[in-house]
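User: I would like to go through this structure by question and answer. Please reason each answer briefly and finish on the name or value asked for.

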Amino acid sequence: MKRLIVFAAVAALASGLAAAQAPVQEETRPTAAAPAAETSETLGFTSDESRRMTVAVDIDGRGPYPFIVDTGAERTVVSLELAEALGLPSLGDVTLATVANVRRVPSVQIESMRVGRRTLNDIRAPALDRADMGAMGMLGVDSLRSQRVDFDFQRQELTLSNSHIDDDNWPRDTIVITGRTRLGRLILTDATVDGQRVRVIIDTGSQQTVGNMELRRRLQARGRLGQIGVMELIGVTGDRVSAEYAVTRRLRLGGLHVNDMPIAFADFQLFSHLGLEQRPAILLGMDALRLFGRVSIDFANRRVRLLPTESRIDNQPTRLAAAAVIRTGRR
């Protein structure tokens, strides 16, 4: 079995309903107060041992605490240890879709959370063990709905901007992909894996790119699956899932291709929650995202920007290239 892969919050929350039962009623969303004099703000980020991005967060005037930026999580999550240390009020249990199942977990009230100069108020956050999450907490899409989030992996910077502000400082070779939203997530449809069309959810909280079993079935039916390996995925609640994985020849995102991309295959609850269990889909994790120089996710305008880079990650064979110049010799 391949080494353990830490799989972060693919958390899908509902008010007392199992995540697989859609549609669900929305919980009260946190309210965000953007800085009056600032339309954008650049923050430094660090990486944890799983290469996930963390930013400094203040909670109720105390901190800073390192939180993972998780675009695959529906809600912001806090560790049980931090909630106890800060004396955050308990709000009872909520339903959380993990990598393995649906379970009830405690939640707490956060009056205010500050990220840079931006403040979010009135947050109902699930509380999980820090050891399972690998962090003090996670910033989910409830904290980012009205924002454009730009990740510059070469400079180790994260820029938060209001979505209505024009962003024209990207080079000409930037690839722009427009998607749709479902339960807060941005889903891209202009993508293929070895010629098979897929839905793509960008998941900065996951170390590993994961496809659903429908994608595996269709790739196998077309004779596109290579050698199969086995790995273990670990979720934010400590759940462990045995998954198959294979190295795909080509993942296309708009006009860019990622060659020799490893993808794990598992039926996570998040795919069902988003109504994608019968459609080929992948959660695009940090193993793929870090191959780009910059990535921008604009939730309000349903737009993703990808800037290619020639660099490799950890001497792995995975490569990123413009579609017009790809020569793999494997077809």
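The turns below cover confidence, strand pairing, cores, a helix and charged contacts in this predicted model.

User: What is the average pLDDT of the protein chain, and what share of the residues score at least 70?

Analyst: The model is predicted, and its confidence varies along the chain. Residues 1-28 stay under 50 in pLDDT, and so do residues 311-331. Over the protein chain the average pLDDT is 78, and the share of residues that score at least 70 is 78%.

User: For residues 1-28, how many contacts beyond four places in sequence does the model have?

Analyst: This stretch has pLDDT under 50, and contacts are still present in the model. For residues 311-331, also under 50, there are 45 such contacts. For residues 1-28 the number is 105.

User: Is strand β14 largely enclosed or open, and how many of its six residues are buried?

Analyst: β14 spans residues 157-162. It pairs with strand β4 in the antiparallel sense over five bridges, and six bridges join it to β13, also antiparallel. The strand is largely enclosed by the rest of the structure, because the number of its residues that are buried is five.

User: Which residue stands opposite D150 in β14?

Analyst: β13, residues 147-152, runs antiparallel to β14. The hairpin of these two strands has four residues between them, and Q156 takes a positive phi near 60° there. On β14, the residue opposite D150 is T159.

User: Which strand is joined to β10 by seven bridges?

Analyst: β10 covers residues 102-115 and has two bridges to β6, in the antiparallel sense. It pairs with β11 over eight bridges, again antiparallel. D93 has P106 of β10 as its bridge partner. The strand with seven bridges to β10 is β9.

User: Which residue in the turn between β10 and β11 has a positive phi?

Analyst: The two strands form a hairpin with two residues between them. Within the pairing, the bridge partner of I110 is I123 in β11. The phi in question is about 65°, and the residue is G116.

User: Which residues have the most contacts inside the largest nonpolar core?

Analyst: This core has 63 residues. Strand β23 supplies its largest share, five residues. A second, separate core of 17 residues includes A264, F271, L274 and L283. In the largest core, the residues with the most contacts are I59 and F67.

User: Which residue of β10 stands opposite I59?

Analyst: I59 is in contact with several residues more than four places away in sequence, among them Y65, F67, L82 and I110. Its strand, β6, has two bridges to β10. The residue opposite I59 in β10 is M113.

User: Which residues of helix α3 are buried?

Analyst: α3 runs over residues 213-221, and just after the helix G223 takes a positive phi of about 70°. The buried residues of α3 pack against several strands, including β17, β22 and β24. Those buried residues are E214, L215, R216 and L219.

User: Is D298 buried or exposed?

Analyst: D298 lies in strand β25, and its side chain makes a polar contact of 3.0 Å with the side chain of N301. Beyond four places in sequence, D298 touches Q147, R148, S163, L186 and R303. The relative accessibility of D298 is 1%, so it counts as buried.

User: How far apart in sequence are the parts tied together by R117 and E41?

Analyst: The side chains of R117 and E41 meet in a salt bridge of 3.5 Å, N to O. R117 lies in the loop between β10 and β11 and E41 in strand β4, so the pair ties together parts whose separation in sequence is 76 residues.

User: Which residues are joined with E41 into one salt-bridge network?

Analyst: E41 also meets R118 in a salt bridge of 3.8 Å, N to O. E41 is in β4 and R118 in β11, so this pair ties together parts 77 residues apart in sequence. E41 and R118 are buried, whereas R117 counts as partly exposed at 42% relative accessibility. Joined with E41 through shared partners are R117 and R118.

User: With which residue does E232 form a salt bridge?

Analyst: The structure holds eight salt bridges. E232 is buried, with a relative accessible area of 17%. The closest N and O atoms of its salt bridge are 3.2 Å apart, and the partner is R240.

Notes
Residues numbered from 1 in each chain as written. Predicted model: local features only at pLDDT ≥ 70, side-chain atom pairs only at ≥ 80, totals over all residues. Heavy atoms only, no water. Buried < 20%, exposed > 50% of the residue type's maximum accessible area, 1.4 Å probe, protein only. Pairing = 2+ DSSP bridges. Contact = heavy atoms within 4.5 Å. pLDDT = per-residue confidence, 0-100. Core = buried A, V, L, I, M, F, W, Y, C linked by side-chain atoms within 4.5 Å. Polar contact = N/O pair within 3.5 Å; in protein donor to acceptor, adjacent residues only side chain to side chain. Salt bridge = Lys/Arg side-chain N within 4 Å of Asp/Glu carboxyl O.
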